[in-house]
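Trainee: Please take me through one part of this model closely, namely the helical part where side chains pair with one another. I would like each term to come with its cut-offs, and the pieces joined into one account.

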Amino acid sequence: MKKHKKLIISLIVTMLVIISGGIYIGYQYGPNFNFYLVPPTPKRDAMLAFNKISSTGIYTENQTQKNRMTEIRNDISNKHTYKEIYPLLKQALAIKGGKHASLITPSEVKKKFHNTKHQLAALKIISYTSTYQNSMDHHHKGKDTQTQFIIS
């Protein structure tokens, strides 16, 4: 009886460790794959977008631009709504992507597409375009490409 109790307790502890590890991994790395355990706050969503912009931007920065990117990161951490955050992300995109990048907000998508099916299709196409263009940027250095980031 005592062996069964120890076995059950060890199985429960093992399962709890595995489940909590899975939750941590899902929370930490899930947004990279558009998987969220809980809906992100505007601040977390903006920081994820900012990090993606910083890592995939095609332009290198001079010291002034690096300082501005640091200011933008700090400003984002002090903002609480998407309305306050969008202009900062647009500035970051202008620095890292120049004419090759743009930010499309949900309200802009709704203005262009009144039907929900068309909105979802547009988001999928633009997201795919972003992923495809980011992977192709390294292969087509001289070609004019455009990357669009969507915050939904």
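**Side-chain pairs in two helices**

Mentor: The count comes to 1 salt bridge, where the term stands for a side-chain nitrogen of Lys or Arg within 4 Å of a carboxyl oxygen of Asp or Glu. Before we go further, please keep in mind that this is a predicted model, in which local features need pLDDT of at least 70 and side-chain atom pairs count only at pLDDT 80 or more, while totals for chains, interfaces and linings use all residues. Residues are numbered from 1 along each chain as its sequence is written, and side-chain values use heavy atoms, with hydrogens and water left out.

For orientation, the chain has 6 helices and 2 strands, taken as DSSP runs numbered from the N terminus (helices H or I, at least four residues; strands E, at least two). Along the sequence these elements follow the order α-α-α-α-β-α-α-β. Of the 152 residues in the chain, 25% are buried, and the accessibility classes are set by relative accessible area (buried under 20%, exposed over 50%, partly exposed in between; 1.4 Å probe, protein chains only).

The salt bridge joins Glu-71 to Arg-68, with 2.9 Å between the closest N and O atoms. The two partners sit 3 residues apart in helix α3, which covers residues 63–78, and that spacing is about one turn of the helix. An α-helix has 3.6 residues a turn, so residues three or four places apart point the same way. Glu-71 has a relative accessibility of 42% and therefore counts as partly exposed, and Arg-68, at 25%, also falls in the partly exposed class. Helix α3 also contains Ile-72, which counts as buried because its relative accessibility is 0%.

From Ile-72 we can pass to helix α4, since the C-alpha atom of Ile-72 lies 7.1 Å from that of Ala-92, although 20 residues separate the two along the chain. Ala-92 is one of the buried residues of α4, a list that also includes Ile-85, Leu-88, Leu-89, Leu-93, Ile-95 and Lys-96.

The 1 aromatic pair of the structure comes next. Its members are Tyr-82 and Tyr-86, whose ring centres are 5.7 Å apart and whose planes meet at 20 degrees, so the pair is classed as stacked. By the rule used here, rings of Phe, Tyr and Trp (its six-membered ring) pair if their centres lie within 6.5 Å, and planes under 30 degrees apart count as stacked, over 60 as edge-to-face and the rest as tilted. Tyr-82 and Tyr-86 are 4 residues apart in α4, which runs over residues 82–97, so about one helical turn lies between them. The two rings belong to separate accessibility classes: Tyr-82 is partly exposed at 24%, whereas Tyr-86 is buried at 15%.

At the other end of our walk, Gly-97 is part of α4 and is buried, with a relative accessible area of 6%. The C-alpha atom of Gly-97 is 6.1 Å from that of Tyr-59, a residue 38 positions away along the chain. After α4 comes Gly-98, which has a positive phi, near 55 degrees.

To draw this together, α3 holds the partners Glu-71 and Arg-68, α4 holds the rings of Tyr-82 and Tyr-86, and the C-alpha atoms of Ile-72 and Ala-92 give us a separation of 7.1 Å to read alongside them.
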